[in-house]
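Reader: Could you take me through one part of this model up close, and then show me how that part sits in the rest of the chain? I'd like one connected walk-through rather than a list.

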Amino acid sequence: MKALIFPFICVILLCGVLPSHAEVRRYKFELRNTSYSRLCSNKTILTINGQFPGPTIYARKGDLVIVDVYNLADHNITIHWHGVKLPRYPWSDGPEYVTQCPIRPGTKFTQRVVLSDEEGTLWWHAHSEWSRATVLGALVVLPQKRDDYPFPKPHAEVPIILGEWWKSDVQQVMEEFLRTGGDPNVSDAFLINGQPGDLYPCSRQDTFKVTVEYGKTYLFRMVNAVMNNIMFFEIANHNLTVVGSDGSYTKPINSNYITISPGQTIDFLLEANQNPSQYYIAAKVYARAGFVDNTTTTGIIEYAGNYTPPSSLILPTFPRVNDTLASVTFTNQLRSLANKRYPVDVPLNITDKLLFAISINTRPCPTESPCAGPSDNRLLASVNNITLVLPKEAILQAYYKHIGGVYEADFPDNPPFRYNYTEDTVPGLLWTPENGTDVNVLEYNSTVELVFQGTNIAGGVDHPMHLHGYSFYVVGSGFGNFNRSRDPLNYNLVDPPLMETIAVPRNGWTAIRFRADNPGVWFMHCHFERHVSWGMGMTFIVKNGKGPNAKMLPPPPDMPKC
Ligand code: C2O
Ligand code: CU
């Protein structure tokens, strides 16, 4: 069977774009209802292959990964390869109703995950409703066989997936807050590799442990798969050396803490250089006040050898929960390697200057309906004052087949009105966005500068913004309102980090640049699940260019139907 399928796929799709060293790797994903017990209670969750977190995909740079996704559960699903650019092939990208309709129970979809220049840690997750809470896993892209890491070879690698756990069914948590218009219920625990750790009830056994040998160096591949929180991460008594983020390498950063946004990945080296003993690995929330679970998830690093284990472990001292400066200071240290082997290619002549205001908003509750938001309002969110409403058909199909009435191609390049975005009290007039399914159309090869401007409507928070189909250079960020004449003078155009998720600081802005050289339909959204559920997302269509290598590839025969 395999032998038959490979040449077939090759002919119709991808052999032309696969580099010659590439290998084809095949994985089978079965979505199942799985019973799972955490925090003294049992529930049924969606998993891939019965595993939580799900299976890790391993590949080398430039490989083709083919994943056969079988839906054996009772719930619709889509799967997204977070941080994989899928050159000219948005068909496998996954966001529900943007690039595809869901895979229905009892059906199968074969996804072709085309790796290109990504190298490092990425991940995959469900991209339909709130299923990604339990349907997720790491995607490790190793260097090509003949290549090394740009740092000394680690003794071993350790995946760290941060997660979030509700004792109740996440589907119900989602339905409830969308029905009432309030905030979702705060979760019951954070997780390290699926385990809450010994500070939560009934969780002493459910603690992630890793053994290290004194004198050795370990590569930790960390993914923040938490639903609604940016996290601080530390290992007691140890400094960490960050060497990568979002599937590309960074200049080494030595730090005792890490800030990591949902969607983001951080690779760091840990040198086991302390007295042989046991030490906490720990993570907790960074957030402004409100909607905060101030608990700590823990794991344990255990040195090999003979010693008396300590009777109790000491937690690392974290920055304060609302320490925006600590959060931003870490993130602002990230830098590309920017050397001969890993050059930087940041666009310098910009053809498209975009300013997107990203807001939490409110709207009066309809009479007689439940109303759990602030002062008789529902909470919602917007980009340039448009609250995303997902269509019933996928935008990608509508674009490819010229089906009208699914979306409008008029997403604005700028906020519809200018105001003091970050003043403490924004005028009420600006509080109510419009619903829409609008796309912003980019010409092939245009050079884009996109400035995300946070607003203080309904209270400012950080927003981890994520773009599909691309990595982008983060060229600047700051507090207050973006100033077009002053702020670009301080851009880093020398060694900006190459990311696909970036936390826009509360009360502030972040500027990114990318070349629109990947034709297709690409979702852009806040990676806080509650914010995207409230409508903080939009879609780019990047048009085909001239030659045959600048055009979208045709769809696979088994695209799920709506
Ligand atoms: Cu990690 Cu649109 O997602
Ligand atoms: Cu957000």
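**A loop residue and its surroundings**

Author: Let's start at V461, which sits in the loop between β25 (447-454) and β26. Bear in mind that this is a predicted model. V461 has a relative accessibility of 15%, so it counts as buried, the cut-off being under 20%. Who does it touch? Leaving out residues up to four places away in sequence, V461 is in contact with R288, I360, V504, R506 and H531. There's also N507, 46 residues away along the chain, with its C-alpha atom 7.4 Å from that of V461.

One of those contacts, H531, takes us to the metal. The copper ion (ligand 2) is coordinated by H531 through ND1, together with H463 (ND1) and C526 (SG), at 2.0 to 2.1 Å. Read along the chain, the donors have the spacing H-x62-C-x4-H. H463 belongs to strand β26 (residues 463-467) and C526 to strand β31 (residues 520-526), so this pair ties together parts 63 residues apart in sequence. Both H463 and C526 are buried.

For another loop, try S369, found between β20 (352-364) and β21 (377-383). Is S369 buried or partly exposed? With a relative accessible area of 27%, S369 is partly exposed. Its C-alpha atom is 7.8 Å from that of T180, and those two residues are 189 positions apart along the chain.

Now zoom out. The chain has five helices and 32 strands. Among contacts with a separation of 6 or more, 80% come from residues 24 or more positions apart. For 562 residues, a compact globule would have a radius of gyration near 24 Å, and the chain's 23 Å agrees with that. The C-alpha trace spans about 70 × 60 × 50 Å along its principal axes.

As for what's covered and what isn't, 61% of the 562 residues count as buried. The accessible surface of the chain is about 21,800 Å², and carbon and sulfur atoms make up 50% of it. On the charge side, you'll find 47 positive and 51 negative side chains, with the centres of the two sets 5 Å apart.

To come back to where we began: V461 is a buried loop residue, and it touches H531, one of the residues that coordinate the copper ion (ligand 2).

Notes
Residues are numbered from 1 along each chain as its sequence is written. Chains are lettered from A and ligands numbered from 1 in the order in which they are written. Side-chain values use heavy atoms; hydrogens and water are left out. Donors are N, O and S atoms within 2.8 Å of the metal (3.2 Å for Na, K and Ca); water is not among the atoms, so sites may look incomplete. Helices (H or I, at least four residues) and strands (E, at least two) are DSSP runs, numbered from the N terminus. Buried means under 20% relative accessible area, exposed over 50%, partly exposed in between (1.4 Å probe, protein chains only). The radius of gyration is taken over C-alpha atoms; the globule rule is 2.2 Å times the number of residues to the power 0.38. Contact means heavy atoms within 4.5 Å. Accessible areas come from the Shrake-Rupley method with a 1.4 Å probe; for residues, only the protein chains shown count as cover. Lys and Arg count as positive and Asp and Glu as negative; His and the chain ends are not counted. The place of a charge is taken as NZ of Lys, CZ of Arg, CG of Asp or CD of Glu.
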